[in-house]
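I opened a notebook page for this structure and wrote down each thing I looked up. The entries follow in the order I made them.

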Amino acid sequence: MSRQTWATTVAGMILSVASVSVHAQGSAAEGIARYREMLQDGNPAELTVARGEELWKTKRGPKNVSLEQCDLGLGAGVVKGAYAQMPRYFADADQVMDFESRAVWCMVNLQGMDRAAITKSPYSGAGQKQTDIEALAAYAVEMSRGMPVNIPQSHPKEKASFDRGRQAFYMRGGPYDFSCATCHGVNNQRIRLQDLPNISGNKQDADRAFTTWPAYRVSQGALRTMQWRLYDCFRQQRWPELVFLSPTSIDLITFLGVNANGAKMDAPAIKR
Amino acid sequence: MKNKAILGFAGLAVLAGCATYVAPTKEESMQTVKASFKERGPAKLDRLNQTEIQAVCSDAQMTGKEVPKAQREALEKKTLATIKFPADGKYLGDFKEGERIAQSGVGMQWSDSDKTVNGGNCYACHQISTAEVSFGNIGPSLKGYGKLRGNSEAVVKYTWGKIWNTHAYNLCSQMPRYGDAGILTEAQIKDVMALLLDPNSPVNK
């Protein structure tokens, strides 16, 4: 089935589930959990995972090498379990990096690609094919499925990333006065019928928030990454645009990741 | 010389993995945030300059410590004095238009244009008209708002003020400042007022 057809089919299924939950406030989450179960064996993210794996192993760029020598923190070439331990400090870059930052770093430093060109449009538009970064993130996170989140906090820069991420999480700003914590700091809150995880104060919610991204977004017919998740939250917060791979994007992912330490990765997930 | 010796010692301590970690200051964290965003559409970078209330309330939520009573009351009082009440003394507009404004969640995002008519997005957080079952729960239910409270001058003025700038009444409320921040026009706020207070509004049926 093509991506579009698939999305339409699933969108129909969600609508029917949603109409059930509309009559029973508060059960939206149950409905979504049910359709997630129904789709367990057919997450279209699998197509993106497969493309990501191919991209990872194909010789590309001016230097004509694959990404198989890219060090994601567990040694050159080790992809299995690496996503679950990022963001982390990388001595060669002297910087804390999440997966997406590190993938770009390897594309630039190993394959010789142009950073500006790769990072110009990191997220696929409506109806477009998934970007290389999205595909690589899908593959890498699949290779951590079922493994415990273990974001390191031993290097001073890893600790600083967490602390800045925590400040950013609580920072109210913009014309709406919203922070991340406005919607994600209290248990059992909803926007319309959408349940909001309490990321700072509820371990179970924090676990799910980190372990289920990247995810296939049915409403968009596309896989979305953790960088995208933050970028689109800030759009709705009425903030300016969060720059892809910016320090704050990494700091927030560190904050979310450390809060989810010990949970098992379960991505790419499938979401509304 | 002495400085070099200190730096050298600090370097060794880091290498040795000693406990030399110093957490970034709030100022440093804020600078990092400001360097991580770019202007797009109507969303300019000055949106990241915090107001005093934004800063005080961010800290309060992060630390879990309430804003001290005297400070809270002083800021609420200062805010109350800035509320602009309608010059023509008319507080209620059209409740049907108010319902449309309450339903609309657009405006002021970088994905919106300068020409987008801002909505109030009230249902994102509040129950309002009984017919709308897709409502959030971050704010209290407003079902039967006017029927329960009447429309005395005190109720009408409080409701206007609350929509104009909620911080005058509850310093760290999570509700946007619809009048103060220019999210809704005076005419739009009148329509939302009618949705809440007009006896014929579906909210009060």
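Entry 1, chain A overall. I looked up how contacts in chain A are spread along the sequence: of those with a separation of 6 or more, 66% are between residues 24 or more positions apart. I note that this is a predicted model. Chain A has eleven helices and eight strands. I also looked up burial, and 56% of the 272 residues in chain A are buried.

Entry 2, the interface. I asked how many residues of each chain are in contact with the other chain. I found 45 residues of chain A touching 52 residues of chain B. The size of an interface is often given as the accessible area lost when the parts come together. For chain A and chain B, I noted a buried area of about 4,600 Å², with 56% of it on carbon and sulfur atoms.

I then looked for polar contacts across the interface of chain A and chain B and found 33 residue pairs, both residues being at pLDDT 80 or more. On the chain A side, the elements that each supply at least two residues are α7, α8, β3, α10, β7 and α11. The largest share of that side comes from α7(A), with nine residues. By type, the side of chain A that touches chain B has 21 nonpolar, twelve polar and twelve charged residues.

Entry 3, a strand pair between chains. I looked up β7(A) and found that it pairs with β1 of chain B, residues 37–38, in the antiparallel sense over two bridges. Within β1(B), B:K38 is the bridge partner of A:E241. The side chains of A:E241 and B:K38 also form a salt bridge, at 4.0 Å from N to O.

Entry 4, salt bridges. I counted 24 salt bridges over all chains, and four between chain A and chain B. I then took some pairs in turn.

A:D177 and B:R177 meet through their side chains at 2.5 Å, N to O. This pair crosses between chains, from the loop between α7 and α8 of chain A to the loop between α7 and α8 of chain B. Are A:D177 and B:R177 buried or exposed? I found that both are buried.

A:R164 and A:D251 form a salt bridge with their closest N and O atoms 2.8 Å apart. The pair links distant parts of the chain, with A:R164 in α7 and A:D251 in α11, 87 residues apart. A:D251 has a relative accessible area of 3%, so I wrote it down as buried.

In chain B, I looked up B:E97 and B:R100, whose side chains meet in a salt bridge at 2.9 Å, N to O. Both lie in helix α5 of chain B, three residues apart, which is about one turn of the helix. B:E97 is partly exposed at 28% relative accessibility, whereas B:R100 is exposed at 53%.

Entry 5, two single residues. A:K159 is in helix α7 of chain A. Its relative accessible area is 29%, so A:K159 counts as partly exposed. Leaving out residues up to four places away in sequence, A:K159 touches A:Q153, A:S154 and B:Y21. I also noted that A:K159 and A:R88 are 71 residues apart in sequence and 9.9 Å apart in space, C-alpha to C-alpha.

A:D207 is in helix α9 of chain A. Why is A:D207 counted as buried? Its relative accessibility is 15%, and buried means under 20%. Apart from neighbours within four places in sequence, A:D207 is in contact with A:N259, A:A260 and A:A263.

Methods. Residues are numbered from 1 along each chain as its sequence is written. Chains are lettered from A and ligands numbered from 1 in the order in which they are written. This is a predicted model: local features need pLDDT of at least 70, side-chain atom pairs count only at pLDDT 80 or more; totals for chains, interfaces and linings use all residues. Side-chain values use heavy atoms; hydrogens and water are left out. Contact means heavy atoms within 4.5 Å. Buried area is the accessible area (1.4 Å probe) that two parts lose on being put together, summed over both. A polar contact is a pair of N or O atoms within 3.5 Å; within protein, one must be able to donate a hydrogen and the other to accept it, and residues adjacent in sequence count only if both atoms are side-chain atoms. Helices (H or I, at least four residues) and strands (E, at least two) are DSSP runs, numbered from the N terminus. Ala, Val, Leu, Ile, Met, Phe, Trp, Tyr, Cys and Pro count as nonpolar, Asp, Glu, Lys and Arg as charged, and the others, Gly among them, as polar. Two strands pair if DSSP finds at least two bridges between them. Buried means under 20% relative accessible area, exposed over 50%, partly exposed in between (1.4 Å probe, protein chains only).
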